[in-house]
Amino acid sequence: MKEKDENASVSSPVKRVMSLALSQRSLPMAGDLKNDSITGYNDELSDMTIGRRWARSLSSPSGCCCISDCYNPSHREQDEEEDTSKSEPSLDKAWEYFEHQTLPRCLAGGLSDSILGKYDRAEIGEHTKKTMLYPVWSTPMEDMADFGIGVGLYFSTLRFLAILSLFAACINIPNMFYFASEDYDAGRNGNQLDPCIAWPEWVASSCAVGVGIREKAKSWLLLGTAVCSNTQWEMCLRDCGEEYWKGESWQSFPGTTDRLATGSMDDLNITFLKRNICNIEETSKMYGPLIFSTVIIVMTAIYYWIYSQKKRIELFDNAEHSSTDYTIEINNPPKTDSSFSPDVWKKWFEVTFDDMEVAACTIALDNEQLIQALANRRSLIMKLQNELERPEDFDIDHMDDIVNHLDKMPKWKRSFCFAASPKRLVEAIKNQTAVISTLSEKDYAVASVFVTFQTQVQQKEVLGKLLVPAFCSRRKLDYKKYIYEGTILKVSEPAEPSAIHWWDLNVAAWKRSSKRFITTLISFAMILISVCVIGYLRSVSSALSGYAITVFNLITPKVVTMLTMLESHPNTSSFSASQYLKVTAFRWTNTVLINNVIIPFTDTLADDGLIKSIMVLFILELSLKPVLQYLDIWGALQRHFFAPRATHQRKMNLCFQSSAYDIGERSTNVTTILFFTLYYAAIFPCGFIFAFVIFSQMYWSDKYSILRQWRQGPKIGTSIAKMTNIFFLIAIAVYAILTFNFYAMFPFDNVCEDGSVDDEYLGTWNITSDAKDFDLKSIEITQNRSYTFCNQNILRKFTFPPTPAKLLSTSDAWLSDNRKNMATILGWFMILTVAIIISTIALKTIVQFIKYLFFADYKIQEMTEEKRSELEKLRFCDIEEIKAYVPQITIDGYTFPFLLCDVDEIDKEMIGWSNPEDPESNYDAHNLIFDIPKVADEKNAMREDPKIAALTNPADENSNAPLFSIVKSWKAVEKKTRENIEAGSRA
């Protein structure tokens, strides 16, 4: 009966804590007010975002009343409200929340203490020290590593690729000038059908001006590319059938009809083929060596960049202090009662290792289902609370009465917003409560243990002693004293505390793999759908397909993120890596590969062919995407339209919770642009100029977005940067392959000389064709030469081994001796490049696998006494910007994260954030452990009578097993005191 009553109503401690959390405000209400501020941070006008300044100006009563009332209706309602007991929302407080909680800030009034950079990052919601927004222009690249080493590596990579692209563009300037000259394409500005010829004379003049401007712009954009407008129809007496052009085989897919025509003269009827007569033979001594040297330089530079990355990682790591440098993670703690005690772990490490001091210990349990159930219920409660006019009136014990007084939800909201009705929300909350009640009766084992030491030297020493290979682990472990209760501990260096997914930390391997397999299949299906859509739109217009590709590239990250959220990942780096692979597959296929498949081979150099599609995509990447990113249309609507119309402060603040930055998604942009540029560099050398501008623009636009638009996210490690290196190597291999093929396949028309013809074929021929927009009616044949079909698409020839001799076996019909010699050199270099890259990836994979099996993959770096002394001085307790491993989870709709453990036994500074409105808070309002009645009652009793704490020791067999992770920190002790303690422990 007692259990029934407990489930029917929530205990008073739970109700108290829940009410605090549900009504949590994000900003301080007290403090001296300056500059007519109604908030408590007292920001100077110069340290406000431009959007906040605009909002203040538009909301000011001293300005135009119509504008003020229209922009900020809540301001008008505050003046008209008679009930002063109702707390009205303040737009300026919401902007202050945006600038102090959402955006990153740094400490003001001093330089950084780190080796690199100018600024020290401030804690989220920091209110005891003066802070300021990071300056966009003056913040150095090194300070971007404040947001994680991966972020610093991302910006350094952007800068490197911009410089490399500019250098490659300079090398290819002679090729660009030649492609832009009439020596290459004599028909670039001629032989064009006049679209104004059918208009009356008084209209034709105006039409000609407009068309002239358009054609000049089009011609200017294609300058420096291999586009060929100079074509000619030639006689074909054999191998001219439609079967060669229909695209029925892979080598000729897709088919084309605009290269084939029928000619008649007197009683003769023959086939005519369209031939590209752009001249590349004159530049064979210059064009080939230039693209060859570009491949060598790009390959060498990227290889240097990849193998120098380790130094950059060490530089960023030494400059920016992180919790990872002080902590180890034990992945296989023994299933014993002692594993639940932080004091036992602390004692074992300090006794086992010399001169060791544990600063904090986190014991994570395999309670993922309980955490997710609690988070789901909180999310449902938030949705129900949003339906109330006064969220603070919410009472979890009287939800049915509250719902009965609400207006019926409109049908459009249920249909278009997929919103659940209040009654359905109440039922869902009750169901989750029942699930939580069941899960709270289960026993949970220890999943992982995070041990944080006072110095980096201590952490490196422990890793050096405890890291063992998968095989021969007992033989590798020299001393039995390093075996904990009969278990060889599997230790590793963990991710950053903010990157740990505590709700997915101990999911079975088969569950992780099965989820990833299913999402991968769905991703491939989506890629096929996008290919079909782009292929269809390409048949309508190349510009239309370009817009479609850009739209797909914009929405793909959102869709892939939702898919990846269905998977289970132990940390954000693993999540980002999975997302990175899927998005890269999407973008490489849609942006690069699809055009080379759906556009006919013979349209490679055509005015409206492959090169134009490349140009369209580069222009869209350079213009549309950065403009949309800078404008941040949805974010601007949220902050400037929906926020001023919010009915309460919490809902207004939620309009300022912008999306978090995702370095994995941004890195896919980098690899896609590089791959796209290198893939078509041989026929689109000015792509290097586009790449230089795009990478430079990305550097500044992403920097601006991180510092002024995007929400702070978890610190990202080096996994994304290392994965990017693999894609760089793949891009180089493809670059070498395509450079050889594009050089050897020129002139991309599948037309070769077949010999001479009799004089009877000379004369004027009437030409007809089924091709669209075919405007030619007659042609004069003055030379007695005939041509025939020859397959120049060697890229689709499957020969083994793919040596230049075999690939170029049929190229004599269209390649001169000089070009064939250069093509042979490019072919052998292609084979060498691919072999080097395959060997690099394979060797690295094999070495890592062997290390995993037989050798410990961690070695203590040799350091001088000076370096060791310097690291020993940097004690964990003295570094304010790094935090302990405190389990927490972020739930959409709430201002702050929710803790998943009891924090009474840790220093609150180690949590990593604070509520500036309640700086003396014990974090109960932000702790999910109080959502379970028995835990809340026990904790309340322990605070009233501390003696009860001794009876609830997790290591005690008579105590109840804990439901949540256990965290404990210890104050630092002096060296002499520590030595006495260790001596006593050994004795």
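The following questions and answers go through a predicted model of a protein.

Student: How many helices and strands are there in the protein, and what percentage of its residues is buried?
Tutor: The protein has 987 residues. Its secondary structure comprises 33 helices and 17 strands. Buried residues make up 53%.

Student: Among contacts between residues at least 6 apart in sequence, what share joins residues at least 24 apart?
Tutor: The count covers contacts in the protein between residues at least 6 apart in sequence. Of these, the share that joins residues at least 24 apart is 79%.

Student: How far apart are the end C-alpha atoms of helix α19, and what span should its residues give?
Tutor: Helix α19 runs over residues 509-540, which is 32 residues. At 1.5 Å a residue these should span 46 Å. The end C-alpha atoms agree with that, being 47 Å apart.

Student: Which residues in α19 are buried?
Tutor: A residue counts as buried when its relative accessible area is under 20%. In α19 that applies to Arg512, Thr519, Ser523, Ile527, Ser530, Ile534, Leu537 and Arg538.

Student: How many residues of α25 are buried, and what is the distance between its end C-alpha atoms?
Tutor: Helix α25 is mostly covered, with 17 of its 17 residues buried. It takes in residues 663-679, and at 1.5 Å a residue it should span 24 Å. The distance between its end C-alpha atoms agrees with this: 24 Å.

Student: Which residue has a side-chain oxygen that reaches a backbone nitrogen at the start of α25?
Tutor: The backbone nitrogen belongs to Gly664. A side-chain oxygen comes to within 3.0 Å of that nitrogen, and the residue carrying this oxygen is Asp662.

Student: Are α7 and α25 roughly parallel or roughly antiparallel?
Tutor: The axes of α7 (residues 149-171) and α25 come within 11 Å and cross at roughly 20°. Angles under 35 degrees count as roughly parallel. The two helices are therefore roughly parallel.

Student: Is the crossing of α7 and α25 left-handed or right-handed, and which residues make the contact?
Tutor: The crossing is left-handed. On the α7 side the contact is made by Gly150, Val151, Tyr154, Leu158 and Leu161. On the α25 side it is made by Ile663, Arg666, Ser667, Val670 and Leu674.

Student: Are α21 and α27 roughly parallel or roughly perpendicular?
Tutor: Helix α21 and helix α27 (residues 719-745) pack at an angle of about 25°, and their axes are 9 Å apart. That angle makes α21 and α27 roughly parallel.

Student: Which residues meet where α21 passes α27, and is the crossing left-handed or right-handed?
Tutor: From α21 come Ser573, Ser576, Ala577, Tyr580, Leu581, Thr584 and Trp588. They meet Ser719, Ile720, Met723, Thr724, Phe727 and Ile730 in α27. The crossing is right-handed.

Student: Is Thr602 buried or exposed, and which residues does Thr602 touch?
Tutor: Thr602 lies in the loop between α21 (572-598) and α22 (610-631). At 4% relative accessibility, Thr602 counts as buried. Not counting residues up to four places away in sequence, Thr602 touches Trp245, Thr256, Arg259, Phe748, Asp749 and Asn750.

Student: Which backbone oxygen does the side chain of Thr327 reach?
Tutor: Thr327 lies in strand β6 (residues 327-330). Thr327 is buried, with a relative accessible area of 0%. Leaving aside neighbours within four places in sequence, its contacts include Phe450, Glu493 and Tyr885. The backbone oxygen that its side chain reaches, at 2.9 Å, is that of Ser323.

Student: Which residues does a cis peptide bond join?
Tutor: Most peptide bonds are trans. This cis bond has an omega of about 20°. One partner, Pro747, is in the loop between α27 and β10 (751-756). The bond joins Phe746 and Pro747.

Student: What is the phi of Glu485, and what is that of Asp632?
Tutor: Most residues other than glycine have a negative phi. Glu485, in the loop between α18 (473-476) and β9 (491-492), is partly exposed at 42% relative accessibility. Asp632 lies in the loop between α22 and α23 (633-642). Both values are positive: about 50° for Glu485, and near 45° for Asp632.

Student: How far apart in space are Glu389 and Leu406?
Tutor: Glu389 is in the loop between α13 (368-386) and α14 (399-404), and at 56% relative accessibility it counts as exposed. Glu389 and Leu406 are 17 residues apart in sequence. C-alpha to C-alpha, their distance in space is 9.3 Å.

Definitions and conventions:
Residues are numbered from 1 along each chain as its sequence is written. This is a predicted model: local features need pLDDT of at least 70, side-chain atom pairs count only at pLDDT 80 or more; totals for chains, interfaces and linings use all residues. Side-chain values use heavy atoms; hydrogens and water are left out. Helices (H or I, at least four residues) and strands (E, at least two) are DSSP runs, numbered from the N terminus. The expected span of a helix is 1.5 Å times one less than its number of residues. Buried means under 20% relative accessible area, exposed over 50%, partly exposed in between (1.4 Å probe, protein chains only). A polar contact is a pair of N or O atoms within 3.5 Å; within protein, one must be able to donate a hydrogen and the other to accept it, and residues adjacent in sequence count only if both atoms are side-chain atoms. Contact means heavy atoms within 4.5 Å. Axes are lines fitted to C-alpha atoms, for helices over the stretch in contact, and angles run from 0 to 180 degrees between N-to-C directions. Angles under 35 degrees count as roughly parallel, over 145 as roughly antiparallel, 65 to 115 as roughly perpendicular and the rest as oblique. A crossing is left-handed if the near helix is turned anticlockwise from the far one by less than a right angle, and right-handed if clockwise.
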